[in-house]
Amino acid sequence: MYEMLRGDSCYTASEESKLLLRINEKYRTKIRHISGHWLFYVHLSSDNAVDKVRNLVQAVDHPSGPPIQDPCRLDIYIVPRNISPWSSKATNIAHDCGLRNELYRLERGRCLAIELAEPYSGGDLPFRDDIYDRMTELLSYSPPDMEQMFNDGSRKPLEIVDIFNNGERGGPLATLKAYNQRMGLGLDQTNMEYLVAEYTNLGRPPTDIELFMWAQVNSEHCRHHVFNATWTIDGTAMKNTLFNMIKNTHKVTPDFTLSAYSDNAAVLAGETGNYWAPDYSSGVWALHKEKVQPLIKVETHNHPTAISPL
């Protein structure tokens with residue numbers, strides 16, 4: 001069975017004000033007010049656990065009634081395209097709280113209420129990209145189908161992307177370009193020329209998994225093409241790459257750093273601190289004193305990326 005529970009506001013007052021101002025400054029379509037609240041989508045084995053989940057997510061009571069009929073009002077539902085990180089963590093927490101046999105999965109979305117200055121005439125909203133992330137979320141004007149949301153589906157078979165034999169004008173490269181555009185792989189011209197040459201040498205076309213794998217491992221996020229590139233500005237070659245500029249702080253002032261740029265993290269020199277930990281032989285928790293070395297991790301450019309460009 002499925003349940004949809006309403007949560008508190010998904011915006012702070014300042015976030016609502018900033019979003020309203022940004023939309024009205026950027027677009028001809030004006031809005032008078034915008035608000036939103038969390039919606040929790042629950043997949044349960046029975047209705048016995050609904051109240052427990054309600055307490056867990058701190059759902060709020062909201063009077064139900066017919067939809068508000070106002071030509072200037074839009075109700076917009078935003079949900080994750082796939083299982084969200086929030087869902088994975090929240091489901092694990094719920095299972096650890098005694099709901100393992102009653103709860104299959106918990107997901108979270110948003111419902112936005114937008115009051116337009118003029119009646120909505122249909123079509124795409126010009127400011128839709130300001131209210132959701134098109135790469136990781138879905139936007140609709142009606143509540144999502146929870147059966148579809150929680151459906152695991154079946155595995156798709158391996159697909160041969162036959163770049164050599166579908167008659168596309170321009171040959172294999174044009175076919176690969178069309179596939180790249182349709183699937184959003186983000187391959188550039190040199191990537192695709194290389195792949196066509198390699199698969200020509202192999203004597204076979206690529207599979208969809210191989211192309212998706214190449215798109216990820218050869219992305220800027222993984223390879224740092226831009227971050228490791230040399231720069232020439234106004235005819236003058238720059239001394240450092242962007243990556244070297246990032247590392248320069250540690251190079252100039254390495255004090256109190258035990259490890260940097262190793263295993264994708266850094267360790268700083270710490271001080272003696274107190275922490276509570278159990279003695280696993282007795283099960284007794286006790287206070288321990290030990291030098292605590294802070295471990296930090298900062299990605300060079302987690303956002304924006306192909307996963308979350310906005």
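## Worked exercises: confidence, a helix pair and a small sheet

In this predicted model, the protein chain has an average pLDDT of 88, and 93% of the residues score at least 70.

**Exercise 1.** Find what the pLDDT is over residues 303-310, and how many contacts this stretch has beyond near neighbours in sequence.

*Solution.* Start with the score: over residues 303-310 the pLDDT is below 50. Next, count the contacts: beyond near neighbours in sequence, the stretch has 13 in the model. Now weigh the two: where pLDDT is low, the predicted coordinates should not be read in detail.

**Exercise 2.** Describe how helix 6 and helix 7 pack: at what angle, and with their axes how far apart?

*Solution.* Take the geometry to begin with. Helix 6 (residues 189-202) packs with helix 7 (residues 208-217) at an angle of about 140 degrees, and their axes are 12 Å apart. That angle makes helix 6 oblique to helix 7, because only angles over 145 degrees count as roughly antiparallel. The crossing of helix 6 past helix 7 is right-handed.

Then list the residues that meet. Helix 6 contributes Asn191, Tyr194, Leu195 and Tyr199, while helix 7 contributes Glu210, Leu211 and Trp214. Sorted by character, the residues of this contact are 5 nonpolar, 1 polar and 1 charged.

**Exercise 3.** Work out which strands stand at the edges of the open sheet of strands 8, 9 and 12.

*Solution.* Write down the order: the 3 strands run 8-9-12, with antiparallel pairing. Strand 8 (257-262) and strand 12 (295-296) each have a single partner strand, so they stand at the edges, and one side of each lacks a neighbour in the sheet.

Finally, look at one pairing. Strand 9 (residues 265-268) joins strand 12 in the antiparallel sense over 2 bridges, and Ala266 is opposite Ile296 in strand 12.

Notes:
Residues numbered from 1 in each chain as written. Predicted model: local features only at pLDDT ≥ 70, side-chain atom pairs only at ≥ 80, totals over all residues. Heavy atoms only, no water. Axes fitted to C-alpha atoms, helices over the stretch in contact; angles between N-to-C directions. Helix = DSSP H or I, 4+ residues; strand = E, 2+ residues; numbered from the N terminus. Parallel < 35°, antiparallel > 145°, perpendicular 65-115°, else oblique. Left-handed = near helix turned anticlockwise from the far one by under 90°. Contact = heavy atoms within 4.5 Å. Nonpolar A, V, L, I, M, F, W, Y, C, P; charged D, E, K, R; others polar. pLDDT = per-residue confidence, 0-100. Pairing = 2+ DSSP bridges.
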